[in-house]
Amino acid sequence: MRVLARGYGALLGAGWRTALTYRGALLLTALTTAFSLVIQLAVWQAVYANQREIADYDVSTMTTYLLAGNLLAVLLSNRVDDTLAGDIYRGDHITGMLRPIGFLGTHAAVALPYLAVRLLLVVAPLLVCAAGAFTLAAPGLAGLAWFVPAALLATTLGILLNLLVGLVGFVTTSTWGVRYLKGTVVAFCSGQLVPLELMPDATRRVLECLPFTAMVATPVRLLIGRLEGTAAWQAVGVQLLWTALGLLACGAAWRAALRRGEVNGG
Amino acid sequence: MIEAHELTKVFRMRADTRPGLWGAVRGLFSAETTEVRALDGVSFTVPAGERTAYLGVNGAGKSTTIKILAGVLTPGSGHCRVDGREPRADRNAHARAIGVVFGHRTQLWWDLPVTESFRILARLHDLPPALAEANRLLFDELLDLGEIADRPVRTLSLGQRMRAEIAAALFHAPRVLLLDEPTIGLDLLLKDAVHELVNRVARERGTTVLLTSHDVADISAICERVVVVDAGRVVHTGYLHELLRRAPTRTVRLEYAGDVDPAAFAHHIRLELGDPVTVTPAGRRRVTVQGPPELVTPQRVLAAVTGLVAVTDLVAPEPTLGEVLRALYVAPQPARGGR
């Protein structure tokens, strides 16, 4: 156990240094997120020009929702799918399998410092800028207290989903299409762009049965006080359930990949 | 010790590689697959502490075997044990027991300096600091890693990276070393250094070595035994010196004094030694005699020319490993199904 902990510690350190290697990419991520957020807020400002509320969302609550949702989405992009799929595509994943440490755990561990760097160098500065530029609905203490564990679970789900998408490479070889599909589905189905309450009932009911809601809508609803008391417990319980299912799915997919056992590139 | 018993591996590949645009469109609607039988019952043993070359032409199944022994591929059937352990049974323990070099892949961290990769490997393998330092000094002495220690791996040349890769494979003092084309991209001096390093480690630590290489110098310098595989089957196992005796042809070069017609002289020797010996005049008063080892010996050649010319020099060079392997690779093997 001590040896494993030391091993993961070493990988976290390596991930931290690697994440800081390409600082230009972080700057571009910040600019892209800011640009996307400004466009979305401008559209909603126009929508709110003639009405005070839509489905109990006033303009400041909607602004807060979109800001939190888009910044959380920055933390769902962890490059795990990109690196894992690339390794499988080139057959380089076999070198990872030669290390005395869990293969998927290694990829997940490397994502953590990457996300920490994104939190510090992309999310935090954008949050400060947005707080100065827009009128936000101040979240209550309870909302913040629920948001932190829910956001951690959402980030974990993001890692698990990306591990699964990366492992698809064992079947499809190239995962470009799958990753593109995943990005689109997560953006629309997680409630990142439009709160679920504004969607048609049938659509909302379907989306709430999918894991994507747990990745953005659940933590943001908890933050702005839309889910409280029993509903909050239930929402986090559903997140935990999806996390457990994600872990099982990753384990099963990895075992299937080992049985399939092909290595590209000789 | 390495034991492989009746290993098989069949790869299924989509047959959607028809040429041209129309072929690409047809491939979209085709689920046709083809089977490639990479291993067809491979069995061999490498005793503990021995250095064995695992040889064969491209596509013979060498790398597939190495990957199965390394635990990164599952065999279709058969089983293997490396250092007394099934590779897949306890992957972490297996990874600590083996060191692997895949010549065209990197196990170092692409964006980090070489020293940082070694620091991470030391922690992953829970290496005592004294052993890590001793290894670092050894690798620095033989592979001159000092000059590249602080450079990110992605900035290294192929030769520099291969030096670091070999050191990385040996860094945790593995009991078994699997080398798949370990000297790709290295110049002659560095190849010598790698040979010296592998031999020294094997001698001092009793490391078992299995090497695949197309470089005869690697095989001659490192290995005492050879296993030759062809089309997924082992076709020869034995000591290197025994293999050299399997040369299908022997050459004797003769220089002589005296005035004889070269063509008639060659014809005479051929008649004396019998078919399928060939005799080729090679310059002034010199002939090269080639044929099966039992027909072409220095004694028989001397006897054939006695009384005709005065022999001034006679050379019968030992067959090279390259010649022997070339003959072994092209020799027809028993037919088998399905490749």
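**View 1. A nonpolar patch lies on the surface of chain A in this predicted model.** Four residues make up the patch: Phe35(A), Ile39(A), Val43(A) and Val47(A). Together they offer about 360 Å² of accessible area. Take Val43(A) as a place to start: this residue belongs to helix H2 of chain A, which covers residues 23–47. Val43(A) has a relative accessibility of 47%, so it counts as partly exposed.

**View 2. Helix H7 of chain A has a kink at Phe147(A).** Let's begin with the length of this helix. Helix H7 of chain A runs over residues 141–167, which makes 27 residues. How far apart should its ends be at 1.5 Å a residue? The expected span is 39 Å, and the end C-alpha atoms are indeed 39 Å apart, so the two values agree. Now look for the bend: the kink at Phe147(A) is about 25 degrees, and the proline Pro149(A) comes shortly after it.

**View 3. Arg79(A) and Glu181(B) both have a positive phi.** Most residues other than glycine have a negative phi. In Arg79(A), however, phi is near 65 degrees. You will find Arg79(A) in the loop that joins helix H3 (59–76) to helix H4 (80–90) in chain A. Phi of Glu181(B) is near 55 degrees, and this residue sits in the chain B loop between strand S6 (176–180) and helix H7 (188–205). Is Glu181(B) buried or exposed? With a relative accessible area of 16%, Glu181(B) falls under the 20% cut-off and is therefore buried. Arg79(A), at 36%, is partly exposed.

**View 4. A cis peptide bond links Asp275(B) to Pro276(B).** Most peptide bonds are trans. The bond shown here is cis, and its omega is near 0 degrees. To find the spot, follow chain B past helix H10 (262–273): Pro276(B) is in the loop that comes before strand S11 (278–281).

**View 5. Cys80(B) is a cysteine without a disulfide.** How many disulfides does the structure hold over all chains? The count is 0. For Cys80(B), the nearest cysteine sulfur belongs to Cys223(B) and is 19 Å away. A disulfide needs two cysteine sulfur atoms within 2.5 Å, so this pair does not qualify. Cys80(B) is buried, because its relative accessibility is 4%. In chain A, Cys129(A) has a relative accessibility of 53% and so counts as exposed.

Technical notes:
Residues are numbered from 1 along each chain as its sequence is written. Chains are lettered from A and ligands numbered from 1 in the order in which they are written. This is a predicted model: local features need pLDDT of at least 70, side-chain atom pairs count only at pLDDT 80 or more; totals for chains, interfaces and linings use all residues. Side-chain values use heavy atoms; hydrogens and water are left out. Patches are made of residues with over 30% relative accessible area and no salt bridge: like charges are joined within 9 Å, nonpolar side chains (Val, Leu, Ile, Met, Phe, Trp, Tyr) within 5 Å. Accessible areas come from the Shrake-Rupley method with a 1.4 Å probe; for residues, only the protein chains shown count as cover. A salt bridge is a side-chain nitrogen of Lys or Arg within 4 Å of a carboxyl oxygen of Asp or Glu. Helices (H or I, at least four residues) and strands (E, at least two) are DSSP runs, numbered from the N terminus. Buried means under 20% relative accessible area, exposed over 50%, partly exposed in between (1.4 Å probe, protein chains only). The expected span of a helix is 1.5 Å times one less than its number of residues. The bend at a residue is the angle between axes fitted to the seven residues ending there and the seven starting there.
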